[in-house]
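Please find below some notes for a colleague who has not yet looked at this entry. They are meant to be read beside the model.

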Amino acid sequence: MKILVLNYEYPPVGGGAGVISKHIAEGLAQHGNEIHIVTVKHGKLPKETIENGVKVTRLSSKRKYLWQSNPREMLSWMRKAKVFLRKHLKSTKYDVCFAHFALPGGEVAYSMNLEFGLPYVIMSHGHDIPWFFPKQMWLYHTVTYFWIRKIVWNAKALFVQSEAMQKNAELFLGDSGKDKVVQIPNGWDAKFYYPSDKIIKKSFNLVFPGRLVKQKDPFTLINAIKILSQEIPEISLEIYGDGPLRLGMETFVTGENLSKFIHFHGWVDKSAMREAYQNAALVVLPSLNEGMSMATLEAMACGAYVVVTDVSRNTLLVDEGVNGNIVPMQNVNQLVETIRQYYKEKYLQEYTVPFDTIKQLDAIYAWDAVVQQYQEMLSKLDRFK
């Protein structure tokens, strides 16, 4: 099959959604498909490359940061993508367009469907479908509700990653449209992320990986460290990521005299992140909402014990007390007690996650297994006629 992929972020631009689209695209290419990705250019990145069998075209648009974007920048990319594709599709034919996010990728796919008859599918990453994250996205979804519904309604399929996303999408589309919704989980790169037998734990180091935004709720964790630092002198929190909350977090850490315990590393490359996971005493992700967290998957693939909230597919990933714990959202006291208990009952006893547990999850969540599901769905050409 010839597959056109649309995503306004693609590594090294963007976060988890870009990484996900890269793994799916390269996996589909390994199945013998011809894949062409249209994404955004940033800095000195080349306009066109071939990456692991995938053609990547980067279009210049108004994107300031690698790690985040905004509606104005998305609209800029949409306009550039439409101009490029109106010329490109006159001479190049595709079997299907695989768009990431209802907006902006789905909007571009919808326009190309109207103009060229190119069928499309959409992959949601959580917050792009009303009302999956209502507290933060209420105004945005109020303005774009009918726009998004039109885009999704005309897609041949809507891919989601968790039961919660599926229920929300089915409610959004109604009884007559819910058959479009297909649940396929995200995966982990077992060839890159794996447990290490050369673990160096110099202290009780906790790792927080991800964007520093309200959705990830890093302040609950910082407040837990404030309490725990009084009773566990060797505790430290290593924060990997960046975002609009960073300045406020750094100000709080300095003001509360926590700089000895909490360290900001910003964005780091994959190799450094793998090392952080492998050497973490504990990985903590107190998110308020997730499509399906890539950080959680990558940490688990590295054998890390995780403390997470009940979002995404976490209840399926976490075997309570074996490879992690699930805690209530925004509950500092419960988070403190969970970390304290882990420190006393597992860390000091040199506990490690059983290798069999990692292998069982690997059989389900390794990208090879996940991409196979996309291949089977996309191969059903009758869905696109």
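The points below cover one sheet, the helices on it, and several salt bridges.

1. Status of the model. This is a predicted model, and the remarks that follow should be read with that in mind.

2. The sheet. Six strands form an open sheet with parallel pairing, in the order β11-β10-β9-β12-β13-β14. At its edges stand β11 (262-266) and β14 (324-327); each has a single partner strand, so one side of each lacks a neighbour in the sheet. From one strand to the next, the twist averages 25°.

3. One strand pair in detail. Strand β12 (residues 282-285) and strand β13 (residues 306-309) run parallel and are joined by 3 bridges. Which residue of β13 is the bridge partner of L285? The partner is V308.

4. Helices on the sheet. Helix α7 (residues 246-255) packs on the sheet, where α7 touches β10 (235-240) and β11. The direction of α7 makes about 155° with that of β11. Helix α11 (residues 332-347) lies across β9 (204-209), β12, β13 and β14, and runs at about 135° to β9.

5. Salt bridges, and a pair between two helices. The structure holds 15 salt bridges. In one of them, the side chains of K82 and E107 meet at 2.7 Å, N to O. This pair links distant parts of the chain, 25 residues apart: K82 belongs to helix α2 (residues 71-88) and E107 to helix α3 (residues 101-116). Both K82 and E107 are buried.

6. A pair at the start of α7. R246, the residue at which the range of helix α7 (residues 246-255) begins, meets D242 in a salt bridge through their side chains (3.5 Å, N to O). Are these two residues buried or exposed? R246 has 19% relative accessibility and therefore counts as buried. D242 also counts as buried, because its relative accessibility is 19%. The cut-off for buried is under 20%.

7. A pair within one helix. The side chains of K359 and D362 form a salt bridge at 4.0 Å, N to O. Why are K359 and D362 separated by about one helical turn? Because they lie 3 residues apart in helix α12 (residues 355-365). K359 counts as partly exposed because its relative accessibility is 44%, whereas D362, at 17%, counts as buried.

8. A network. E9, R63 and R211 are joined into one network by salt bridges that share partners.

Conventions:
Residues are numbered from 1 along each chain as its sequence is written. This is a predicted model: local features need pLDDT of at least 70, side-chain atom pairs count only at pLDDT 80 or more; totals for chains, interfaces and linings use all residues. Side-chain values use heavy atoms; hydrogens and water are left out. Two strands pair if DSSP finds at least two bridges between them. Helices (H or I, at least four residues) and strands (E, at least two) are DSSP runs, numbered from the N terminus. Axes are lines fitted to C-alpha atoms, for helices over the stretch in contact, and angles run from 0 to 180 degrees between N-to-C directions. Contact means heavy atoms within 4.5 Å. Buried means under 20% relative accessible area, exposed over 50%, partly exposed in between (1.4 Å probe, protein chains only).
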